[in-house]
Amino acid sequence: MEIEGARTDRLGLLLEQFDQAREMAEVRLTGLADEEYLWEPVAGCWSVRRRGEAVTPRAYGPGEWLLDKGAPDIPASEYAEVARQAAGGMTVAKIAADWSVDVERVEQVLAHTGAPEPDRTPVTTIAWRLGHLHSCFAGQWEWTFGARRQDPKLLVDFTPSAGLALQRFWALIDRWRDSVAAATDDQLDMIGFSQYPYGSDPDDPFITVLAGANLEFIHHMAEIALLRDLRRSRFATSA
């Protein structure tokens, strides 16, 4: 059975998935206020903080406000991804460079057996999740469709304003989507069409980079939606 208007080509499927995810995310982010955007559900959250007040050693950004970033490591939730990278032919040295860890850490992960290690992924604010997504998509646009010169860590001027952050974010997402929609079949199959330096993009066909970008958008937006639900429930309960 064919659904009228539905695309079944590989780029069309990814674009429709992205469009649907974006539509749902925009609805879920409607009315986001500054205090909710910056709400820290537990102590020690990663967030957007003034320069000099960041709680992490590698916080970054070009302006007054920085995005928290901790010491490099490979979280337990990403062990399967490291195994896939190795199985796909990436060298241990290249995997280590991708994750900004030493070779020994990658070897530990690849040799890991038994019960999973405790997940040490930090709890983050909505501001952090949105800033992280913005930084990733800005960097991938620059290193795929742009001049491929600017450090992705210097592309986003982070802000404590939810409204301004969303305005800038959706503008960037529209630019990304328009550029992706114009990609040719040859570009989709091209290994290294994206040269984004913080990940495996230079070693992957662009079609797989797009699939990964969709997944990044979907799972972080789901986390943001959950944080909104938790905050609403907590404040409603305590009222």
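This report walks through helix packing, enclosed cavities and one aromatic pair in the structure above. Keep in mind that the model is predicted.

**Helices that cross**

Let's start with helix α5, which covers residues 103–110. One of its partners is helix α4, residues 92–99. The two pack at an angle of about 105°, and their axes are 8 Å apart. Angles of 65 to 115 degrees count as roughly perpendicular, so α4 is roughly perpendicular to α5.

Which residues of α4 meet α5? On the α4 side they are Val92, Ala93, Ile95 and Ala96, and on the α5 side they are Val103, Val106, Glu107 and Leu110. Sorted by class, this contact has 7 nonpolar residues, 1 charged residue and no polar ones.

Helix α5 also packs with helix α3, residues 79–87. Here the axes come within 9 Å and cross at roughly 100°, and therefore α3 and α5 are roughly perpendicular to each other as well. From α3, the residues Tyr79, Val82, Ala83 and Ala86 take part; they meet Arg105, Val106, Val109 and Leu110 of α5. The contact of α3 with α5 has 7 nonpolar residues, no polar ones and 1 charged residue.

Two names are worth spotting in the structure: Val106 and Leu110 of α5 meet α4, and Val106 and Leu110 also meet α3.

**Spaces inside**

Rolling a probe the size of a water molecule over the atoms shows where empty space is left. How many cavities of 30 Å³ or more are there? The count comes to 2. Here they are side by side:

| Cavity | Volume | Lining by class |
|---|---|---|
| Largest | about 90 Å³ | 8 nonpolar, 3 polar and 2 charged residues |
| Second largest | about 60 Å³ | 7 nonpolar, 1 polar and 1 charged residues |

The largest cavity is lined by 13 residues. Lying nearest its centre are Tyr37, His134, Val156, Phe158 and Ala165. Helices α6 (126–142) and α7 (162–181) each supply at least two residues of this lining, and the largest share, 4 residues, comes from α6.

Around the second largest cavity you will find Leu11, Leu14, Leu15, Phe18, Trp176, Arg177, Val180, Leu210 and Asn214. Three helices, α1 (10–28), α7 and α9 (206–238), each supply at least two of the lining residues. Which helix gives the largest share of this lining? That is α1, with 4 residues. Helix α7 is a good landmark, since you can look for it at the largest cavity and again at the second largest cavity.

**An aromatic pair**

The structure holds 14 aromatic pairs. One of them joins tyrosine 60 and phenylalanine 158 in an edge-to-face arrangement. Their rings are 5.9 Å apart, centre to centre, with 75° between the planes. Planes over 60 degrees apart count as edge-to-face, so this pair earns the name.

Where do the two partners sit along the chain? Tyrosine 60 is in the loop between β1 (48–50) and β2 (65–67), while phenylalanine 158 is in the loop between α6 and α7. The pair links distant parts of the chain, 98 residues apart. You have already met phenylalanine 158: Phe158 is among the residues nearest the centre of the largest cavity.

Key: Residues are numbered from 1 along each chain as its sequence is written. This is a predicted model: local features need pLDDT of at least 70, side-chain atom pairs count only at pLDDT 80 or more; totals for chains, interfaces and linings use all residues. Side-chain values use heavy atoms; hydrogens and water are left out. Axes are lines fitted to C-alpha atoms, for helices over the stretch in contact, and angles run from 0 to 180 degrees between N-to-C directions. Angles under 35 degrees count as roughly parallel, over 145 as roughly antiparallel, 65 to 115 as roughly perpendicular and the rest as oblique. Contact means heavy atoms within 4.5 Å. Ala, Val, Leu, Ile, Met, Phe, Trp, Tyr, Cys and Pro count as nonpolar, Asp, Glu, Lys and Arg as charged, and the others, Gly among them, as polar. On a 1 Å grid over the protein atoms alone, a cavity is a set of points where a 1.4 Å probe fits but cannot get out, and a pocket is an open set with protein on both sides within 12 Å along at least five of seven lines; lining residues have an atom within 4 Å of a point. Grid points are joined across faces, edges and corners, and a volume is the space filled by probe spheres set on the points. Rings of Phe, Tyr and Trp (its six-membered ring) pair if their centres lie within 6.5 Å; planes under 30 degrees apart count as stacked, over 60 as edge-to-face and the rest as tilted.
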